[in-house]
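This report describes one part of a protein model for a reader who is new to structures. Please look at the sequence and the model before reading on.

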Amino acid sequence: MWMEIYDRANNPKEFDINLPPKTDLEMRLVVWQTREIPMMDIEETSDVYISAFVDTKNAQTTDTHFRCTNGEASFNWRIVEKIQYDPKSGNTNLSIQVYDKDIFAPDDYICSSNLNIKKFLQEIYELDLPFTLDNKKYARILSNCTEEEKKMLNDMIEWESSSENDWETKFWVKCFRQDDKGNMVKCGAVLISLEILPMWKAD
């Protein structure tokens, strides 16, 4: 809080200290495939599935790619989540988690990624327009980031190359896991595309 003291004759202008309004959004995330995911089962295979969410209460999963032997699981699965956002919102991390499904035991956690999408959400909040992340839009957003933000995003995202278009909407999100010494090490990647819409457009 702050306090200011005025002479009553000055009729000071009141400050609006209300919180900014929240906006309802819909995230449409397509999980396409994985690469370099380690094998977790004794037969040198993994039964891979992906969980993705911004809010843990809304976590959703893909179907399972059974008996994956080369780390390249395929899905083509869309996850839809409603998000409530305001500029002071605490959680803006898109969490992508990779698991190995087990029948007679708890599923094995393989690796994960936490991508901060605040820059993307803020653009939708200000413009009230749909947002599809492509490599051109990403480059524009990156140009308005600090060096630390640029490094963070570039450490997480790698764009899929395409010979057909000069723009691309699919990108790899790099995943990490903790090794025996407590260090975070790279552990494969998940190919996704990301679209976020104001609810008026989603409806």
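The text below covers one strand and its partners, two residues at its start, another strand, and some cysteines.

The model is predicted, so local features need pLDDT of at least 70 and side-chain atom pairs count only at pLDDT 80 or more, while totals for chains, interfaces and linings use all residues. Residues are numbered from 1 along each chain as its sequence is written, and side-chain values use heavy atoms, with hydrogens and water left out.

**Strand β2 and its partners**

Helices (H or I, at least four residues) and strands (E, at least two) are DSSP runs, numbered from the N terminus. Strand β2 spans residues 46-53. How many of the residues of β2 are buried? The count is 8 of the 8, so β2 is largely enclosed by the rest of the structure. Here buried means under 20% relative accessible area, exposed means over 50%, and partly exposed lies in between (1.4 Å probe, protein chains only).

In a regular strand the side chains alternate between the two faces of the sheet. In β2, S46, V48, I50 and A52 lie on one side, and D47, Y49, S51 and F53 lie on the other. Both faces are covered.

Two strands pair if DSSP finds at least two bridges between them. The table lists pairings of β2.

| Partner of β2 | Bridges and sense | Residue pair |
|---|---|---|
| β3 (residues 60-61) | 2 bridges, antiparallel | S51 with T61 |
| β4 (residues 65-68) | 2 bridges, antiparallel | V48 with H65 |
| β6 (residues 93-100) | 6 bridges, antiparallel | Y49 with Y99 |

With 6 residues between them, β2 and β3 form a hairpin.

**S46 and D47**

Is S46 buried or exposed? S46 is buried, because its relative accessible area is 0%. Contact means heavy atoms within 4.5 Å. Not counting residues up to four places away in sequence, S46 touches P38, M39, M40, D41, H65, F66, R67, C68, D100 and I110. A polar atom of the S46 side chain lies 3.2 Å from the backbone oxygen of P38. S46 and D108 are 62 residues apart in sequence, and their C-alpha atoms are 9.5 Å apart in space.

D47 is also in strand β2. The contacts of D47, again leaving out residues up to four places away in sequence, include T64, Y99 and K101. D47 is buried yet has no salt bridge, a term for a side-chain nitrogen of Lys or Arg within 4 Å of a carboxyl oxygen of Asp or Glu. For charge, Lys and Arg count as positive and Asp and Glu as negative, while His and the chain ends are not counted. Which side chain of opposite charge is nearest to D47? That side chain belongs to R67, 5.5 Å away.

**Strand β1**

Strand β1 (residues 23-35) is joined to strand β5 (residues 74-85) by 10 bridges, and the two run antiparallel. L29 stands opposite I79 in β5. Another 10 bridges join β1 to strand β11 (residues 184-198), also in the antiparallel sense. V31 stands opposite I192 in β11.

**Cysteines**

A disulfide is a pair of cysteine sulfur atoms within 2.5 Å. A search of the whole structure finds 0 disulfides. C175 is in no disulfide, and the nearest cysteine sulfur, that of C111, is 4.2 Å away. C175 is buried, with a relative accessible area of 1%. C145 is buried with a relative accessible area of 10%.

Note on methods:
Polar contact = N/O pair within 3.5 Å; in protein donor to acceptor, adjacent residues only side chain to side chain.
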